[in-house]
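Me: I am new to this structure and would like to go through its salt bridges. Please show it first.

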Amino acid sequence: MKKKWKKRALAALLAALCVLSAACGAEEEGEQEPVDDVQVSDAYFGLAWYQNGTLNPVLDNTDINRVLCEALYEGLFEVTNSFTAENVLCESYEGDGTTFTFTLLEGVTFWSGEPLTADDVVASLQAAQTNESSPYYNRLTEVSSIQAVGDRTVRIVLTSPNVNFPRLLDIPIYREGSADSGSFADGTGPYRPVEGDNGWTLEANENWHGGFLGSIRHITLVSLTRADAALSSFQTGDVSLMRAARIDPDPPNVGGSVDTVQTAGASLHYLGFNYDNSLLANAGVRRALSAALDRTSLCETQLQTFADPAVLPVNPQPSESGLSINLSADPNGAAQLLREALQAGGSEDGSGDESASDEGYYDEETGEYVEPDTTEEDTSDEGYYDEETGEYIEPDTSDEDTADQGYYDEETGEYIEPDSSGTPAVGADAETVLSIRLLVNSDNAFKAAAADQIAASWNALDGVQVTVVKQPYETFLSMLQSGDFDVYYGETQLTADFDLRPLLSENGSLNYGGYASETMSAAIAAQRSGDSIVDFYQTFLSEMPIVPVAFECGQIIIRKGLIDNYQPAPYNAFAALETWTSLN
């Protein structure tokens, strides 16, 4: 949908109309010029600028300059906090999941006054596609072609379907050729860079297609020569706003009076399994371990309220009917699932041992049904016919292991009921059946504490024993790559389309545990093609190939009282800036 005047400008227009008309309705027809009546703040506002970075917004991969780029440049779309694609430079689009046609917003100009064209969009996206150093490179690896098919029309063709591809197109757009100018590449954003006697500043872009800005119209650029100097500049007050991870090995000690603002995140905290462990290769066991977790408590305590609990690997959690999503622990359900899974055997689908000694089978060569082998020598559990004598041999009732069946006690003459709680026996004295080494990065105290809480939840299940193995990151990574773990606490930054193939594909780059499932691969492919998303969710909940824990929130820190009504988006610290008001 085409963006016109922003909310604040509309409110000003309505107010002006009401003044001119006693009944707010007796105005002459015709469009009125909006009035910018926002009270401009004269408060100091500084942004960090790492000058050793590139001035090309598509190629600059420094965290410091990403915030600066968000003030200067725009993409075809913006990703909202609900992870939908909101139109920015794109007026409309159509696509079948593989071929997309984007129509650009009419009337958009760069700071220089030059109009935005399809060629500018193609040049910007191709710069990201062809440069592996670009922070956007991985988003475009499955793009086969990008071409202008008109002054305002861009066509993009993918090598495989992805109906959520527009979510990846918040890539900054700049004017073709302007990145070679030796200065900032020409952009369309709400601010424009201006060089003065005292250095560089950002000034309001009066030709911005989005309308009027909020209260902040002037920003001082604070030049830094070290990439790690932004925090100290924030602490001294030179820098007014920056991103800072909260769940971090070295979380920032910002000091002073600050406001912290959360944004929704795509950084997934999860538990991965080693599928060489026959018990963990059982989907029922994995579902049981998932059900035992209190994700809400984990997020409120160990993850510092800076994470959103998740059972499914998408953010936000889906609300479709028919899905069973419980963010709290279900210890009784977990115990029942675990008993059933262990009774079923070690196979992933719960079918148990396929050996012909336990059950009959069809011989593919003869086409005949082969009866189960009844000559088992171990007769301690059941009786059998002796083929030589023709006599029935009674079962050995002297076996002390009575967890599987009832028996008569010869001394008392009473029948002892079998242990109905399942095989293996569970209870206060149940022996360990499932032993787990839970690997976690010890450099991150928050994750280590979360792993301890997870271990406590699993240790509360009868027959389960968990040992937390805490290792420095380099050792942690080495053990992951060599498969030296049962379960590991992982974190990965997913793209905004929540592409799970690196984690769940057989040869995925993050598939450390050796997971492979044709059913899951087919479900992912169908979901990316636009088929029923619920089918994918149900497949995931059934197989539980990894156990999602939470999505870590982003954090923006800002000097206290500088901005009121601050509403950043996941990848745009300057989202909705037209609504900003100053408290100073």
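The questions below concern salt bridges in this predicted model.

Me: How many salt bridges are there?
Reply: A pair counts when a side-chain nitrogen of Lys or Arg lies within 4 Å of a carboxyl oxygen of Asp or Glu. By this rule the count is 16.

Me: Is Asp 228, which pairs with Arg 226, buried or exposed?
Reply: The side chains of Arg 226 and Asp 228 form a salt bridge, at 3.0 Å from N to O. Asp 228 has a relative accessible area of 54%. Exposed means over 50%, so Asp 228 is exposed.

Me: How many residues apart are Arg 437 and Asp 484?
Reply: Arg 437 and Asp 484 form a salt bridge, their closest N and O atoms being 3.2 Å apart. This pair links distant parts of the chain: Arg 437 belongs to strand E20, while Asp 484 sits in the loop between helix H9 and strand E22. The separation is 47 residues.

Me: Is Asp 499 buried or exposed?
Reply: Asp 499 shares a salt bridge with Arg 501, at 2.8 Å from N to O. The relative accessibility of Asp 499 is 16%. Under 20% means buried, so Asp 499 is buried.

Me: Which residues do salt bridges that share partners join into one network with Asp 499 and Arg 501?
Reply: The side chains of Asp 499 and Arg 501 meet in a salt bridge. Through shared partners, the network that holds this pair also takes in Glu 142, Asp 497 and Arg 528.

Conventions. Residues numbered from 1 in each chain as written. Predicted model: local features only at pLDDT ≥ 70, side-chain atom pairs only at ≥ 80, totals over all residues. Heavy atoms only, no water. Buried < 20%, exposed > 50% of the residue type's maximum accessible area, 1.4 Å probe, protein only. Helix = DSSP H or I, 4+ residues; strand = E, 2+ residues; numbered from the N terminus.
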